[in-house]
Amino acid sequence: MILDVAATNLLSPLILCFVLGLIAGAVKSDLEVPAPIAKGLSLYLMLAIGLKGGWSLAGSGVGWAAAPALLAAAGLSLLLPLPAYAFLRFGLGQDRPTAAAVAAHYGSISIVTFASAQAFLTQQGIGHEGYIVAMVAIMETPAIVTGIYLAQRGTTETNRHRGDLMREVLFNGSVMLLIGGLLIGWLTGGRGEAEVKPFFVDLFKGALCLFLLDIGLTVARRGAALRQLKAGLIAFGLMMPPVAAAAGLGTGLLLGLSLGGVTLLMLLCASASYIAVPAAMRLAVPKADPAIYMTLSLAVTFPFNITLGVPLYFAVARWALGA
Amino acid sequence: MILDVAATNLLSPLILCFVLGLIAGAVKSDLEVPAPIAKGLSLYLMLAIGLKGGWSLAGSGVGWAAAPALLAAAGLSLLLPLPAYAFLRFGLGQDRPTAAAVAAHYGSISIVTFASAQAFLTQQGIGHEGYIVAMVAIMETPAIVTGIYLAQRGTTETNRHRGDLMREVLFNGSVMLLIGGLLIGWLTGGRGEAEVKPFFVDLFKGALCLFLLDIGLTVARRGAALRQLKAGLIAFGLMMPPVAAAAGLGTGLLLGLSLGGVTLLMLLCASASYIAVPAAMRLAVPKADPAIYMTLSLAVTFPFNITLGVPLYFAVARWALGA
Amino acid sequence: MILDVAATNLLSPLILCFVLGLIAGAVKSDLEVPAPIAKGLSLYLMLAIGLKGGWSLAGSGVGWAAAPALLAAAGLSLLLPLPAYAFLRFGLGQDRPTAAAVAAHYGSISIVTFASAQAFLTQQGIGHEGYIVAMVAIMETPAIVTGIYLAQRGTTETNRHRGDLMREVLFNGSVMLLIGGLLIGWLTGGRGEAEVKPFFVDLFKGALCLFLLDIGLTVARRGAALRQLKAGLIAFGLMMPPVAAAAGLGTGLLLGLSLGGVTLLMLLCASASYIAVPAAMRLAVPKADPAIYMTLSLAVTFPFNITLGVPLYFAVARWALGA
Amino acid sequence: MQTFPRKKIELIVESAYLSPMLAMIDATGATGYTVIRDLIGRGRHGERGREALGENSNVLIIVICTPVIADRILEGSQRILGDGFGIVTVSDVQVLRAEHF
Amino acid sequence: MQTFPRKKIELIVESAYLSPMLAMIDATGATGYTVIRDLIGRGRHGERGREALGENSNVLIIVICTPVIADRILEGSQRILGDGFGIVTVSDVQVLRAEHF
Amino acid sequence: MQTFPRKKIELIVESAYLSPMLAMIDATGATGYTVIRDLIGRGRHGERGREALGENSNVLIIVICTPVIADRILEGSQRILGDGFGIVTVSDVQVLRAEHF
Ligand SMILES: Nc1ncnc2c1ncn2[C@@H]1O[C@H](COP(=O)(O)O)[C@@H](O)[C@H]1O
Ligand SMILES: Nc1ncnc2c1ncn2[C@@H]1O[C@H](COP(=O)(O)O)[C@@H](O)[C@H]1O
Ligand SMILES: Nc1ncnc2c1ncn2[C@@H]1O[C@H](COP(=O)(O)O)[C@@H](O)[C@H]1O
Ligand code: NA
Ligand code: NA
Ligand code: NA
């Protein structure tokens, strides 16, 4: 049963495009997605995810029920870096800046992982709460604050203004698109959806295929750096997702989310950022080693989550909900 | 009633995406649409507008009725800069090159404004003459000639060849795409439409959303320059559109256009270029101040037209036609 | 009858967009498709062609029947450069490196020519074998090997490693996308197709229009170089396609392909590369003159094939098959 | 390896000036040029290159040439730019193949 | 034509450092700057710029200025970069319009 | 601030030569390189970089290094380019952190 589900996931065009990118990268093919195309695709995906969440909110109505969920999202993003940091710093003896930066990545989320899981659930005919998209947006950036706090604790150095940090956390491009899309979807409702559905809904999976091809290429390039990582770090990249997913499971059950909602929240917790957080860490924690956080997040945790993680978390959520 | 229509316009995904861009720009978010994506979108939009016009011509047939309309379009583009120039130069005391350059912008048109209005009309279930698209193409560039004439009147200086100018007016990229698309649509008719409809028709509004997001970001960046403009100039940017729209109304009634046609012609007159004309003015009138013409056109007139202008001109046209 | 078919082909939006690009380029319009957009479109087209081939394979089943076809494809790509080289070197007295490089181009294929022909056949309601797409992929690169062999025969010089060459032949980006797409399509079958059809199938022709617009612009730019080519070379660019198409016809009949299959194989043989092979020749045969091979391939053979070639080969195939 | 002294001119101008500048450079007898596009910049005329609309971006034109041609290019660039936007610098470089420049 | 000596500073840094660097340059009194984006590069910190994700690319910032301002920029750049990624070079150039720099 | 003299090599070559060039540069012991892509240019072999097809574009490779390594790169570049397309220039620069180059 779970193997069946896992196979369905692995044999989707999405995952296979990722694998194609991986292989092309591994054999050093000259295949390359131009950077503006990749950026354009990521803008499109985030706006589409926001809009779709908003339309589903407009359809179902949203009550005060969403408020605790949004608070919980912020809490998870702020707190998940703590166990990650503790393990990296005290378990593996990693230097403080790098441990803090890596931890920040695991508090935040990966939007492509989320999109893949959403596609998987649709394929299985499982719905989810519209406000999950708001949780996605909210989980993106608070982890940055925790990461910087962990990195600077006990030191006085800082090379950036508090204002810059606030801007990054609140007005980050991904956050703006997700929240903005959500509001636009919610305000325009079914009428708005009818107007732009061919672009934002129908094309979604195909565009995601192309983006995953590019991520596959990037992961393969990172793959070379894998060999230089200590085994302990790779173990962390594989174990942190299930641990974080467990936190997501507990929270999801407490919030009374549906099967789809619990699965997605587990996955959000399990996933690690590779867009917003690295950019922030470069500036805020320049002494952290990007080779470590980018490689762990992209080349270890991302592939694990989209291949095995999605069906695994789904199976566990189903079992926990007795569904 | 008119408020109702205005609200419908303001609550469309198109306008809200523009507003999202505005906000993201205003809070200095790092959100950014890569330049090649924005250029690609604008190529797509112009070709699609051309094709759609051509298909509608092929369906409805076009007789000699269109000829006066096309002549009128050229005339409007050539003449509208004159009152604009007179007001700027003698009313506001603006220097000659800048007054001439700004005037040229208001004789030409904004294709995105046109596309937004078209979307609005479709939403209202109102059709329009297919050859309006030819009028759009024809109005793009004659204003450049008037602008250069106004700038150089009485002086002998010129740093460009007449041939270059002709090329810019006749073979400008936007003009080629609009006229080319129109002819292709007209030649291929319904059969051609069936072949490429999913790309050029179904995606149109969604792609326009993404483009408007980028324009919002650009307008917000320009917004900073607004404070440096004299109040008189800003007043010009707000008053010129209705004045020009009145000229469009008169012309449209004389030409016997339909409700949709009159509305669109008013809007074309009211709108100001921010792609073709600035590029031409940089070279042809280097002494004009781009901060003034770009800011007026983008940060004053464009937002006015797509938010309030569209429903306003629509209401006036309906009243004038007694429809 | 054939004229009718030719007219249908010439009046499709695809060919007309190519012509629009040609005209815009010829009048030196400032129309330009940003390079990342053109590259993105070509990635999209190749992946889509691969996927569509794979889905059709998954639907129809593929037996050992395909094996000889694939071998034949490799053979054609390896051998077609030989007559081309002989003619260029001994008939026209072209220098050895340039003759070899040009020959390599004609052994390989043009994916856009193929896509245009596919669109033409669909329009005519004619199907074809799914594994033709595998033949496309296989024909892309072996000609590079022949070209390099011809260029270096008798000399000892070489400035590149055998390993690099193998990588180019086997893992070239186009080859990866075509073969990768084919496998993904085949593995995911109808279910996969349903998921991503709006993106990879419905948009195909429209995206091809935009790409052909860009190719038209490029061909026009190359057009200037045409005047510098000897008449003999231009004659070669016009005669080689029918000659190679004859080889394709014979092979297609031997393989027992359908009408659509024979037409496409003729066209593949007739078409000349302008993406993969030029890039390889730059490095492998630096003494060859790119102005000659790019201009022949793009400005002579490509326009001939997509305008007259497609209906011509179709008519001949129909006659040969008595269909 | 033996190298030969030449001049390197770098012109940073708005993209609108690109084609007249290249035409002027061709006319001076320079053997070639190289152009970097899509720059962003700030100067006396404010920020440029951050907008996709209105072609408001800078290009950097590089020409390697002899001192004589360098002087022609400097003069030509002033003629074209006038009070327009842009900056021009000259510096000394060594080249490998003297006959190319 | 008459030319005047100035300094040309070139900073190659990660794109993450672009805005603090430009703010610092503005503060030194430099009359402008030019930025080339989307570079690829290799240095002590490995390869950069080949990934679309994570903003892992380099930019090249060019400033033409007087020796005094050059020194301020050198110091400012060290303050911002610290042990971070990037390289800085200075060279001599001639400019046409002395009053611009 | 104290600066140290180094050489700056700039290679403008077709993008097809990029990877062999970078491999050669790595082999000389240079501490890094920076590459600007998507240039347009004209030289003895006509115009380049205006076509999206056929990879017909130029790249500019910058290497800051000691004179000894500069010489190795000059020789390596000649070996790879042969009569192929491209130009090479060397100039003097000052760097801040001598140990980096
Ligand atoms: N001091 C400077 N250093 C480097 N680049 C400059 C400098 N001043 C101006 N520029 C560049 O030249 C362009 C035009 O300058 P301007 O005409 O002063 O606005 C600017 O947008 C910058 O890209
Ligand atoms: N020797 C060098 N020559 C040219 N560019 C360099 C050199 N070393 C470093 N770079 C550039 O500076 C960036 C940062 O260098 P690093 O901090 O050493 O990793 C690299 O990614 C390169 O783009
Ligand atoms: N004199 C020159 N100044 C600047 N760039 C040049 C010059 N000559 C050639 N180039 C560049 O080097 C490339 C190759 O030159 P070539 O091999 O002469 O065709 C050209 O496409 C230009 O980008
Ligand atoms: Na997480
Ligand atoms: Na107007
Ligand atoms: Na062929």
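## Chain D and its copy, chain F

A turn of 120° and a shift of 0.0 Å along the axis lay chain D on chain F with an RMSD of 0.0 Å, where copies are superposed by least squares on the C-alpha atoms of residues with pLDDT of at least 70 in both. The two copies are thus related as by a three-fold rotation axis. Only 4% of the interface residues of chain D are also interface residues in chain F, so the copies meet through different surfaces.

Please keep in mind that this is a predicted model, in which local features need pLDDT of at least 70, whereas totals for chains, interfaces and linings use all residues. Residues are numbered from 1 along each chain as its sequence is written, and chains are lettered from A in the order in which they are written.

Now to the fold of chain D. Two helices and five strands make up its elements, in the order β-α-β-β-β-α-β from the N terminus on. Helices (H or I, at least four residues) and strands (E, at least two) are DSSP runs.

Here are some overall values for chain D:

| Property | Value |
|---|---|
| C-alpha trace of chain D along its principal axes | about 45 × 25 × 20 Å |
| Accessible surface of chain D (Shrake-Rupley method, 1.4 Å probe) | about 3600 Å² |
| Distance between the centres of positive and negative side chains in chain D | 4 Å |

Of the 101 residues of chain D, 62% count as buried, meaning under 20% relative accessible area (1.4 Å probe, protein chains only). Carbon and sulfur atoms hold 51% of the accessible surface. As for charge, chain D has 11 positive side chains (Lys and Arg) and 12 negative ones (Asp and Glu).

Notes
Predicted model: local features only at pLDDT ≥ 70, side-chain atom pairs only at ≥ 80, totals over all residues. Heavy atoms only, no water. Buried < 20%, exposed > 50% of the residue type's maximum accessible area, 1.4 Å probe, protein only. Charge placed at Lys NZ, Arg CZ, Asp CG, Glu CD. Contact = heavy atoms within 4.5 Å.
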